[in-house]
Amino acid sequence: MNTGYRKIEVKSQKSEVGISVSDFHILTSIFFFLWITSCQAQRPTKPYYEDLSSLRPKVNVETISPKDSLRVKSQAPSVPVQFAVNEKVDAILDSIDKFNLTRKFVDGHTIQIYSGQKKEEALNTKTKMSELIPDLKANVQYQQPKFRVTVGKYFTRLEAQRDLYRLKRVFANAILVPERIMIR
């Protein structure tokens, strides 16, 4: 049966070149050691030093009075701008500004303390809230088929958390709901 592999017989410790196996291992380890030591980074004999003082801008410092801070005037020549992106950025900022001028609402949050179908309960909740926590103002809204009593207008959830905890002590059903807040 032929497996495709050749059978090699070792008859002696000497190879055809004339180097024994033990000499080969010794030479290989010496070569490997020399190769590793030559791969180390070279260390400079003296430290690197470059004088950049000729490239620095000249600065005059004048003291005007003890009240004022130091004024610095640069004597360096102005450098022409090669790749200006200011015009592109200004155009984008102007378009964002125009969009913001037309916006009348922003996404925010409010705290809902009552939601139900009875108008009397909604008005009682509003008066109870104004008596117990006078620094917050409650609003009654009717969105068919229910009445809602909401408190505050907040831009982020984080802003609303403190008032939400205060209201939860009195109104256990108080929740934070997303709502569009009128800006102008």
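A salt bridge here is a side-chain nitrogen of Lys or Arg within 4 Å of a carboxyl oxygen of Asp or Glu. Keep that cut-off handy as you click around this predicted model, which holds five salt bridges.

**Stop 1: R166 and its partners**

Select R166 and D163 to start. Their side chains meet in a salt bridge, at 3.5 Å from N to O. Both sit in helix α4, and because they are three residues apart there, about one helical turn separates them. D163 is buried, with a relative accessible area of just 7%, while R166 counts as partly exposed at 26%.

Now add D135 to the selection. Its side chain also meets that of R166 in a salt bridge, this one at 2.8 Å, N to O. D135 lies in the loop between α3 (119-132) and β4 (138-143) and R166 in helix α4 (residues 157-170), so this pair ties together parts that are 31 residues apart in sequence. At 54% relative accessibility, D135 counts as exposed. With D135, D163 and R166 all displayed, you're looking at a network of salt bridges.

**Stop 2: E179 and R148**

Next, pick E179 and R148, whose side chains form another salt bridge, at 3.4 Å from N to O. E179 belongs to strand β6 (residues 175-182) and R148 to strand β5, so here too the pair ties together parts 31 residues apart in sequence. R148 is buried, at 9% relative accessible area; E179 is partly exposed, at 22%.

**Stop 3: H109 and K153**

Keep E179 on screen and bring up H109, since E179 is among the residues H109 contacts. You'll find H109 in strand β3 (residues 105-116). Is H109 buried or exposed? Its relative accessible area is 15%, so it's buried. Leaving aside neighbours within four places in sequence, its contacts include the run G152, K153, Y154, F155, T156 and R157, plus L176, V177, P178 and I181.

From that list, click K153, in strand β5 (residues 146-154). K153 and H109 are 44 residues apart in sequence, yet their C-alpha atoms are 6.1 Å apart in space. K153 is exposed, with a relative accessible area of 55%. Which residues does K153 contact beyond its neighbours within four places in sequence? They are H109 and I181.

**Stop 4: a negative patch**

Finally, switch to a surface view and select E87, D90, D94 and D97, which form a negative surface patch. Zoom in on D97: this residue is part of helix α2 (residues 86-102) and is partly exposed, at 44% relative accessible area.

Definitions and conventions
Residues numbered from 1 in each chain as written. Predicted model: local features only at pLDDT ≥ 70, side-chain atom pairs only at ≥ 80, totals over all residues. Heavy atoms only, no water. Helix = DSSP H or I, 4+ residues; strand = E, 2+ residues; numbered from the N terminus. Buried < 20%, exposed > 50% of the residue type's maximum accessible area, 1.4 Å probe, protein only. Contact = heavy atoms within 4.5 Å. Patch = residues over 30% accessible without salt bridge, like charges linked within 9 Å, V, L, I, M, F, W, Y side chains within 5 Å. Areas by Shrake-Rupley, 256 points an atom, 1.4 Å probe, with all protein chains shown as cover. Lys, Arg positive; Asp, Glu negative; His and termini not counted. Charge placed at Lys NZ, Arg CZ, Asp CG, Glu CD.
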